[in-house]
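Welcome! Please take a moment to look over the structure shown here, then try the exercises with a pencil at hand.

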Amino acid sequence: MEKRRLSFWEIWNMSFGFLGIQMGFALQNANASRILQIFGADVHELSWFWIIAPLMGLIVQPIVGHYSDKTWGRFGRRKPFFLVGAILASIGLVLMPQADMFIAFLPALWVGAGMLMIMDASFNIAMEPFRALVGDNLRTDQRTLGFSVQTALIGFGAVIGSWLPYALTNWFGVSNETVEGAVPYNLILSFIIGAIILIASILVTVLTTKEYSPEELANFEDEQKHADTISTDGDEVKSSLMDIFEDFKKMPTTMRQLSWVQFFSWFGLFGMWVFATPAIAQHIYGLPHTDSSSSTYQDAGDWVGILFGVYNLISAFYAFALPYIAKKIGRKKTHSISLIVGGLGLLSIYIMPDENWLIVSMIAVGIAWASILAMPYAILAGSISPKKMGVYMGIFNFFIVIPQIINALIGGPLVKYAYDNHAVYALMMSGVSFLIAASLVYKVKDVDDVIQS
C-alpha cells in the first residue's frame with residue numbers, strides 16, 4: 001500500500017495552522033526586544049532574555065515529538081498538540097505587551113519575560129507536530145511540496161504579524177506614542193489580533209485534515225518493519241521518555257550532517273532577530289544605544305516590522321519555486337545558493353544609505369529564510385523511520401536551539417565589549433554565519449533527492 005496523493009488544497013489546509021503560529025512568532029520576533037527595552041532591559045541584556053526561546057525548544061519539542069508519536073485518540077495523533085499549543089500561545093500573546101498591569105506583583109520586565117517563555121513553549125508544542133504531520137501524511141515525492149507550502153504559509157503569516165503594528169498606526173490611525181515604561185497601543189492591539197488569528201487558523205487544520213491511524217501507517221510500504229514500536233490497537237509496546245536519548249545516539253548520518261548546517265543557519269537568524277531593532281535604530285536612524293522611548297525609536301521599531309515582513313513575503317513566494325528549482329539542480333545546491341544570497345544580504349546592511357535600501361537586504365534574507373524552513377526538513381524526512389518522525393523532528397530541533405542558546409549567552413557581551421554597543425556588528429556576524437552554513441551543505445548526503453533534467 002502507498003499513501004494517497006493529496007491535492008494542493010489538502011496540503012494547504014493541512015499546514016494552514018502554520019499561518020497563525022508564524023503570525024504570533026513574527027509579532028514576537030519583531031517586537032519582543034523592543035518591548036523588553038521599553039520595560040527596562042539594556043541592549044546587551046536582550047540576548048539573555050531571548051535565551052528563554054531556544055531553551056523552551058530544547059526541552060519541549062523532543063518531548064512533544066516523542067509523545068505525539070505515541071498518541072492516538074478520537075482527535076488524532078498530532079492535532080491535540082496543535083490545539084493546546086495554540087491556546088497557550090494566545091494567552092502569552094495577549095499578556096506580554098500588557099505585562100505592566102502586573103507591576104503590583106512583579107517588575108513588568110520579568111512578567112514580560114515570563115510571557116515570552118509561555119509563548120515560546122506553546123509555539124514549540126504546536127510547531128514540530130506540524131512538521132511531523134507532513135512526514136505522516138505525504139508520500140516521498142510530495143514532501144518537498146509539503147514543506148514548501150508550509151514555508152509559504154509561514155511567510156504569509158509572518159508578513160501579517162510583522163506589518164500589523166505599522167499598518168494599524170499608518171493606515172488606521174492607532175497611536176504608537178508611548179510614555180516611558182509603557183508599550184504603545186498599536187503593539188498591544190497587534191498582539192491581541194495575532195492571538196485571535198492563531199486560534200482560528202489552527203482550527204482550520206484540525207477540522208479539515210484527516211490523520212492516518214497507527215494501523216494504516218503500519219500497512220504502508222517501508223513502514224511495516226517499524227510496526228513493532230506500536231501495537232495494532234495503538235497502545236504502546238515499547239515507550240519511554242528515556243528512549244529520546246537512545247534515538248539521539250542512533251540518529252541517521254544525514255541528520256548528523258545537517259546538524260552543522262542548521263547550527264550556523266540558526267546562529268545567524270537568532271542574531272538578526274534579537275539585534276535588528278537596536279542595530280537599525282543606531283546605524284540607520286543615528287540614535288544612541290540608550291534610547292528606547294523616543295518617537296524616532298518607535299518609528300525604527302515599526303520599520304523593522306516592515307523589513308521583517310518583507311523577508312517573510314519574499315520567502316512565501318520563493319517557497320513555491322523551491323520544488324521546481326530543487327528538481328533541476330538538487331536540494332543541496334538549492335539550499336546552499338539560497339544561504340549565500342541571504343548571507344550577502346545581511347552583510348549589505350552595513351553599507352545601506354538609508355532605511356528604504358534595507359528592503360533590498362531583506363529580499364536576500366527572505367530567499368535564505370524560505371530555504372531554511374523547507375530544504376533541511378525535506379532532506380531529513382527521507383532519511384528517518386516513519387514511526388520515529390515526531391521524535392526525530394523534535395531532536396532535529398536541538399540543532400536549531402543550541403546555536404540560539406550559544407548566541408544568547410555570548411551575543412550580548414560581544415555587543416557590549418567587542419562591538420562597543422554597536423549592535424550592527426551582530427548582524428554582520430549573522431551574515432558570515434549564513435555563508436559558513438552554505439559551505440557545509442555540500443557535506444550532506446540526501447538519500448532520496450531526485451534531479452530532473
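Below are four exercises, each followed by a worked solution. Keep in mind that the model is predicted.

**Exercise 1. The protein as a whole**

Describe the secondary structure, the burial and the surface of the protein.

*Solution.*
- Step 1: Start with the secondary structure, which comes to 17 helices and zero strands.
- Step 2: Turn to burial. The protein has 453 residues, and 62% of them count as buried.
- Step 3: Look at the outside. The accessible surface comes to about 17000 Å², and carbon and sulfur atoms account for 66% of that area.
- Step 4: Ask how the chain meets itself. Taking contacts between residues at least 6 apart in sequence, 83% join residues at least 24 apart.

**Exercise 2. Two helices that cross**

Find helices H1 and H7, and work out how their axes are oriented and which residues make the contact.

*Solution.*
- Step 1: Locate the pair. H1 covers residues 8-15 and H7 covers residues 143-170; their axes come within 9 Å and cross at roughly 55°.
- Step 2: Name the orientation. Because of that angle, H1 is oblique to H7.
- Step 3: Add the handedness: the crossing of H1 and H7 is right-handed.
- Step 4: List the partners. H1 brings Phe8, Ile11, Trp12 and Ser15, while H7 brings Leu145, Gly146, Val149, Gln150, Leu153 and Phe156.
- Step 5: Sort the residues in the contact of H1 with H7 by class: seven are nonpolar, three are polar and none is charged.

**Exercise 3. Isoleucine 21**

Is isoleucine 21 buried or exposed, and which residues does isoleucine 21 touch?

*Solution.*
- Step 1: Place the residue. Isoleucine 21 sits in helix H2, residues 17-38.
- Step 2: Check the relative accessible area of isoleucine 21. The value is 1%, and buried means under 20%, so isoleucine 21 is buried.
- Step 3: Gather the neighbours. Leaving out residues up to four places away in sequence, isoleucine 21 touches Phe123, Ala126, Met127, Phe130, Leu198 and Ile202.
- Step 4: Compare sequence with space. Isoleucine 21 and isoleucine 197 are 176 residues apart in sequence, and their C-alpha atoms are 8.8 Å apart.

**Exercise 4. Glutamine 28**

Which helix holds glutamine 28, and what does glutamine 28 touch?

*Solution.*
- Step 1: Glutamine 28 lies in helix H2.
- Step 2: The relative accessibility of glutamine 28 is 1%, so this residue counts as buried.
- Step 3: With residues up to four places away in sequence set aside, glutamine 28 touches Trp50, Leu116, Met119, Asp120, Phe123 and Phe191.
- Step 4: Look back at isoleucine 21, and find Phe123 among the residues touched by isoleucine 21 and among those touched by glutamine 28.

How values were computed:
Residues are numbered from 1 along each chain as its sequence is written. This is a predicted model: local features need pLDDT of at least 70, side-chain atom pairs count only at pLDDT 80 or more; totals for chains, interfaces and linings use all residues. Side-chain values use heavy atoms; hydrogens and water are left out. Helices (H or I, at least four residues) and strands (E, at least two) are DSSP runs, numbered from the N terminus. Buried means under 20% relative accessible area, exposed over 50%, partly exposed in between (1.4 Å probe, protein chains only). Contact means heavy atoms within 4.5 Å. Accessible areas come from the Shrake-Rupley method with a 1.4 Å probe; for residues, only the protein chains shown count as cover. Axes are lines fitted to C-alpha atoms, for helices over the stretch in contact, and angles run from 0 to 180 degrees between N-to-C directions. Angles under 35 degrees count as roughly parallel, over 145 as roughly antiparallel, 65 to 115 as roughly perpendicular and the rest as oblique. A crossing is left-handed if the near helix is turned anticlockwise from the far one by less than a right angle, and right-handed if clockwise. Ala, Val, Leu, Ile, Met, Phe, Trp, Tyr, Cys and Pro count as nonpolar, Asp, Glu, Lys and Arg as charged, and the others, Gly among them, as polar.
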